[in-house]
Amino acid sequence: MDISGKKAVVFGGTSGIGLAASKQLVDLGATVIAISRDPSKAGDLPAGISTEACDVRDADAVSNLLKKLAPFDILVSAATGGSRAIGEFASMDLDGYKSSFDKLWGYSTVVRHGIEHLPDHGAIVLVSGSPARRCGPGQIALSSVGGAVEAFSRALAKEIAPKRINVMSPGLIDTPMVPLQGEERDAHYKRLTGNNLIARPGSADECAQGIIFLIQNDFVTGTTLDVDGGILLS
Ligand SMILES: NC(=O)c1ccc[n+]([C@@H]2O[C@H](COP(=O)([O-])OP(=O)(O)OC[C@H]3O[C@@H](n4cnc5c(N)ncnc54)[C@H](OP(=O)(O)O)[C@@H]3O)[C@@H](O)[C@H]2O)c1
């Protein structure tokens, strides 16, 4: 797909990986609508990116917004959705475990209400995460949800072809998702990435490059692209 002149809708497009993807899409000539619950947190955005407020957990709001924005060529969701439960399953609060799936429900709501507005050349990209296939201690909720997102995308690719859907799976990425600052932040990333093949956190821009590839390459559908510094082999 030649991204120039296309219209892209990016849920979670106001921070981290989604914001980096929005900026790269604009650099390639797209117009972008970046959506999140509170887009004002994004601050000043480049010309070409406009914002809308919407919670992906509100299906009616998502449906109405996508109707208003239609038609569009590109649909991305990197919206985290809700809280993420960390810890061992045996002692985990089950409500916390279930609410981690807000990410899947958010993605599926966005896709369900977005597909009808995508043309045949349209492309969807979702974001999973390396715990889907390499789960560290305490990551069972992340792993379950990430695995579900990847399975959802593979299954859906068959139903919506020639429209395409793919997943970009990040490893540990330095984004505002981690609120730590300064030395504490550096130590956090050093501890978690020091034994990886590429021993540093990835950047939102590196992940966005993966998203752009999945949009541009018309011969790729139903797959997951790992942008993770080799964490699956570490
Ligand atoms: N960073 C990592 O190390 C990492 C690793 C693996 C996977 N991931 C995945 O990558 C994706 C992006 O993460 P990130 O690191 O870029 O996080 P981030 O910087 O915190 O950005 C998350 C974005 O999602 C939006 N969002 C969250 N809940 C939402 C909701 N219910 N409705 C609408 N928008 C919502 C946020 O905006 P509002 O708060 O304004 O709603 C924000 O724009 C997530 O799916 C995350 O699970 C990240």
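User: What makes the link between the side chain of serine 108 and the backbone oxygen of tryptophan 105 a polar contact?

Analyst: In this predicted model, the side chain of serine 108 reaches the backbone oxygen of tryptophan 105 at 3.2 Å. The cut-off for a pair of N or O atoms is 3.5 Å, so a pair at 3.2 Å counts as a polar contact.

User: Where does serine 108 sit, and why is serine 108 called buried?

Analyst: Serine 108 is part of helix α4. Its relative accessibility is 17%, and buried means under 20%, so serine 108 gets the label.

User: Helix α4 again! Which helices help to form the shell around the ligand?

Analyst: Both α1 (16–27) and α4 (102–114) each give at least two residues to that shell. In total, 29 residues surround the ligand, with Ser15, Ile17, Arg37, Lys103 and Thr175 the closest.

User: How do you know that serine 15 makes a polar contact with the ligand?

Analyst: Check the distance: a polar side-chain atom of serine 15 is 2.6 Å from an oxygen atom of the ligand. That is within 3.5 Å, so the pair qualifies. Serine 36 passes too, with a polar side-chain atom 2.9 Å from a ligand oxygen. For alanine 78 a polar backbone atom does the job, at 3.4 Å from an oxygen atom of the ligand. As for cover, the ligand taken alone exposes 880 Å², and the protein buries 91% of that.

User: What kinds of residues make up the shell around the ligand?

Analyst: It's a mix: twelve nonpolar, eleven polar and six charged.

User: What makes a group of residues the largest nonpolar core here, and how many residues are in it?

Analyst: The group has 63 residues. They are called a core because they are buried residues of nonpolar kinds, joined through side-chain atoms within 4.5 Å. Those with the most contacts inside it include Val9, Phe11, Ile211 and Ile215. Helix α7 (residues 204–216) brings the largest share, seven residues.

User: Which residues does isoleucine 215 touch?

Analyst: Leaving out residues up to four places away in sequence, isoleucine 215 touches Met1, Ile3, Leu25, Ile74, Val76, Ala123, Val125 and Arg164.

User: Where are the cis peptide bonds before proline 71 and proline 162?

Analyst: One joins alanine 70 and proline 71, with omega about 0 degrees, and proline 71 lies in the loop between α2 (59–69) and β4 (74–77). Another joins alanine 161 and proline 162, with omega about 10 degrees. Proline 162 is in the loop between α5 (140–160) and β6 (164–170). Most peptide bonds are trans.

Technical notes:
Residues are numbered from 1 along each chain as its sequence is written. This is a predicted model: local features need pLDDT of at least 70, side-chain atom pairs count only at pLDDT 80 or more; totals for chains, interfaces and linings use all residues. Side-chain values use heavy atoms; hydrogens and water are left out. Buried means under 20% relative accessible area, exposed over 50%, partly exposed in between (1.4 Å probe, protein chains only). Helices (H or I, at least four residues) and strands (E, at least two) are DSSP runs, numbered from the N terminus. Contact means heavy atoms within 4.5 Å. A residue is near a molecule or strand if one of its heavy atoms lies within 4 Å of it. A polar contact is a pair of N or O atoms within 3.5 Å; within protein, one must be able to donate a hydrogen and the other to accept it, and residues adjacent in sequence count only if both atoms are side-chain atoms. Accessible areas come from the Shrake-Rupley method with a 1.4 Å probe; for residues, only the protein chains shown count as cover. Ala, Val, Leu, Ile, Met, Phe, Trp, Tyr, Cys and Pro count as nonpolar, Asp, Glu, Lys and Arg as charged, and the others, Gly among them, as polar.
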